[in-house]
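Here are some exercises to work through with the model open in your viewer. Try each one before you read the solution.

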Amino acid sequence: MVTIATLGPAGSHAWQAARQYDPAADLLLLPNPAAVLTALDEGRAARALLPAYNTREGRNRDFFQLLTASRRHYWQDNVVLPVHLSLGVPGAGSRIEIITGRAAFLRQGEEYIAANYPAADLLAVHDLDRTVAELIKGGEDNFGVIESEEALRRYGLLLREREVSPYNRTRFAVLGDTLPPATGYDATAIITTPLKDRVGLLYETLAEFARRGINLLDMDSETEVQSQKLCFFVEMEGHADDPDIRQALEHIETEVIREPGSIRILGTFPRVDMRTKRIRKCGFIGSGEMSQWFARRLAGEGYEVLLTGRHSELRPETMIPQVDLVALCVPISATVASIRQYGPQLQKNQALILLAGEAEASIAAALEHTKPDVEVMLVHNLWGPKAASMKDKNVSLVRTSRSGVLCSEFEAFLYKHGAVISKDSAPRHNLLMGVSQKLPSATAMALAMTLRQHRLPLGEIERHATLTSAYSMLAMARVHFQNPRTYAEILACPGEGRRILRDFAANLTRVLDLAEAEDIAGLSALIEENRTVLGDDFLRPAMAQALEVDNVLGSRRR
């Protein structure tokens, strides 16, 4: 039988967490965290369980100081426990002049104490069993104890009030002597040695995580008592054996801190969500590359993901009843038909996310063919399946009158991964997509057709082009090097975006008429009118960006 060392007494929150972690374990109950780790060091217990974080008081500094000092053991797992603190007294008529309990519980209940017993003296103790026993033995009747209801009843105290610290949750750390294997949904905690002060040290450390796409869950600093130097504590997503994490820690140690051995891995463990997730399972209709791209990242956030497609064994009609959120990710031309087919199968407390490039017809179909209590939202990601991450990538998001908490959780997933979110109406989305997708695609196609028509040698064009005019050539290459069906779908999809192409064609005809008439004054006037409307606030940074691109293109030519 496994022995777990934790904080007593029986019935305490630590005792409850240990029972939740391993109901069959033999519990070794001790009065303070130092005694718990000593039992682990001496081999009297195979595991230790201690509070690491609380939603009301934050990180437990005593725990981290003890874990940092103990080089033999690692943080392996977690238990999150709702903390229900109550106030117990010796008798029904007790006057409360002293309130005792563990220091953490007194801090967590300080709002209640300040509001109800502002004059009471607070007595924080390690060994609560002995303290309460001595108070009762001495005949004291003027004290209260803040602890779990189970522990208060065991002491023989009467409950004066329940839930003196509402909305309270504690994360308990499970310690052992090895690092556990990866689960696919992990986190890693590290701490540095006391560091010498250097300008940019923290900034450069964080940059190493950011550029590798490693999300930080927590960060704090600890001051060493003797040297008064800072130690940095970081908790990040991912397992300690993940290549990105290994490389980041190695680079920080050797190139940023520049002190070998300056980083210690405190532990790696299944990731803990202190927030409540309403989505448990996500299902995809469409099993193409983009569906798989999103599925991998959702799975990395702890969601169970089911993929269905034309050739998958699992069919959409079987998948839909099993999930909380259905993501429709099919070609644009098949989106509305798929909504009509599968939308009616969604039920209350489910959401339909349209991963689509066209908004008006798609959303109208979704609102018509799903029940009124099904959530609906459109998400148009402006990147392809070759992208390494969402960081700094654009996404257009169209919420509807039926976008609720499940849609908001999906939006939070996009935001967390660094996507730049634009919230649009359906017509505005399609109009803007006409500018950013339809127009460049159509222009690139027309340019390629013109080159083919005149049989111009591409090498000669490059030698006769300015760097700026090379942009259109690059756009043409991008469109024609990738899947033609993708761009055909973009151009053929309905909606307000078609107006952009028609208006562009009419305006191009006007420009050509002025050019063929050799009307330099008219052309100049048009440019000036455009410049006034565009404004310097747009043109100045855009010009600076164009010059940066020129520099890059120029260096490649050299």
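The exercises below deal with a predicted model.

**Exercise 1. Work out the strand order of the seven-stranded open sheet, and find its edges.**

Step 1: Walk across the sheet. The order is β17-β16-β18-β19-β20-β21-β22, and the pairing is mixed.

Step 2: Look at the ends. β17 (304–308) and β22 (420–423) each have a single partner strand, so one side of each has no neighbour in the sheet.

Step 3: Check the twist, which averages 25 degrees from one strand to the next.

Step 4: Zoom in on one pair. β19 (residues 351–354) and β20 (residues 375–381) run parallel and are joined by four bridges. In this pairing, A351 sits opposite E375 of β20.

Step 5: Add the helix that packs on the sheet. α14 (residues 405–416) touches β18 (325–328), β19, β20, β21 (394–399) and β22. The direction of α14 makes about 20 degrees with that of β20.

**Exercise 2. Decide which face of helix α18 is buried, and what that face packs against.**

Step 1: Pick out the buried residues of α18 (residues 484–492). They're Y487, E489 and I490.

Step 2: Look down the axis. The buried residues fall within an arc of 155 degrees, so they line one face of α18.

Step 3: Turn to the face pointing away from the buried side, where you'll find the exposed residues P484 and R485.

Step 4: Find the packing partners. The buried residues of α18 pack against α12 (332–342), α15 (426–454) and α17 (470–481).

Step 5: Check the start of α18. There, a side-chain oxygen of N483 comes to within 3.0 Å of the backbone nitrogen of R485.

**Exercise 3. Describe the surroundings of F233.**

Step 1: Place F233 in its strand, β14 (residues 230–237).

Step 2: Judge its exposure. F233 has a relative accessible area of 1%, so F233 is buried.

Step 3: List contacts, skipping neighbours within four places in sequence. Among them are R59, F64, I190, M219, D220 and L266.

Step 4: Take one of these, D220. D220 and F233 are 13 residues apart along the chain, yet their C-alpha atoms are separated by 5.2 Å.

**Exercise 4. How many disulfides does the structure hold?**

Step 1: Recall that a disulfide is a covalent bond between the sulfur atoms of two cysteines.

Step 2: Try C282. The closest cysteine sulfur, in C407, is 12 Å from that of C282, so it's too far for a bond. C282 is buried, at 1% relative accessible area.

Step 3: Try C493. The closest cysteine sulfur here belongs to C329, 15 Å away, which is also too far for a bond. C493 counts as buried at 8% relative accessibility.

Step 4: Give the total, which is zero disulfides.

Notes. Residues numbered from 1 in each chain as written. Predicted model: local features only at pLDDT ≥ 70, side-chain atom pairs only at ≥ 80, totals over all residues. Heavy atoms only, no water. Buried < 20%, exposed > 50% of the residue type's maximum accessible area, 1.4 Å probe, protein only. Helix = DSSP H or I, 4+ residues; strand = E, 2+ residues; numbered from the N terminus. Arc of directions from axis to C-beta. Contact = heavy atoms within 4.5 Å. Polar contact = N/O pair within 3.5 Å; in protein donor to acceptor, adjacent residues only side chain to side chain. Disulfide = S-S within 2.5 Å. Pairing = 2+ DSSP bridges. Axes fitted to C-alpha atoms, helices over the stretch in contact; angles between N-to-C directions.
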